[in-house]
Amino acid sequence: MGESPRSRLRDALIGGAVGGAISTIPPVRLPWALRAALVVLPAGLTAGTVAAASRSVRVDTLLDGDTVGQGAREADARDAPTQDQDQDQDQHQEILLPAGLRAGLALAAGAGMIGAGLAGYRLDGWLDRRLRARRVPAPGS
């Protein structure tokens, strides 16, 4: 059973508030360890999520032997509601992805998150140096 719309809204509001609070602190002024944690933790969570999601893929086996993903099967069911669903009950099959492929997907997603975080910090540092060179006062000073 999925989450209720109320709990999803609550989670989105809490996440937005936490993200907004963190973003008010200029990253250049954060300690190095905290900046590293703000890059590595989201990358680790992303890699873990991708690894867990890619553990197995659900595939429908059609009567003629062709296979399609779950989304295409659901679209076919919506397009043809007059078919007898009892006769068209296809077997579902879980396909286990190889461990190397799962690890590669997880590492690629984590590396992408680390790259994006580091690029954001580099851009922020560059902008901070440019503003200081032009003697623009820091916010809140």
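## Exercises on helix α4 and the salt bridges

Helix α4 of this predicted model covers residues 99-133, 35 residues in total. From first to last C-alpha it reaches 51 Å, close to the 51 Å expected at 1.5 Å a residue.

**Exercise 1.** Find which residues of α4 are buried, and name an element that covers them.

*Solution.*
- Step 1. Apply the cut-off: buried means under 20% relative accessible area.
- Step 2. List the buried residues: A106, G110, G125 and D128.
- Step 3. Look at what covers them. The cover includes α2, residues 32-53.

**Exercise 2.** Inspect the residue just after α4 and give its phi.

*Solution.*
- Step 1. Go to R135, just after the helix.
- Step 2. Read the sign and size of the angle. R135 takes a positive phi of about 60 degrees.

**Exercise 3.** Search the whole structure for salt bridges and state how many there are. Then describe the partners.

*Solution.*
- Step 1. Set the cut-off: a side-chain nitrogen of Lys or Arg within 4 Å of a carboxyl oxygen of Asp or Glu.
- Step 2. Count. The search finds two.
- Step 3. Take D11 and R10. Their closest N and O atoms are 3.5 Å apart.
- Step 4. Check accessibility. D11 is partly exposed at 39%, and R10 is partly exposed at 49%.
- Step 5. Take D128 and R132. Their side chains meet at 3.0 Å, N to O.
- Step 6. Place this pair. D128 and R132 are four residues apart in α4, so about one helical turn separates them.
- Step 7. Check accessibility again. D128 counts as buried at 16%, whereas R132 is partly exposed at 49%.

Notes. Residues numbered from 1 in each chain as written. Predicted model: local features only at pLDDT ≥ 70, side-chain atom pairs only at ≥ 80, totals over all residues. Heavy atoms only, no water. Helix = DSSP H or I, 4+ residues; strand = E, 2+ residues; numbered from the N terminus. Expected span 1.5 Å × (residues − 1). Buried < 20%, exposed > 50% of the residue type's maximum accessible area, 1.4 Å probe, protein only. Contact = heavy atoms within 4.5 Å.
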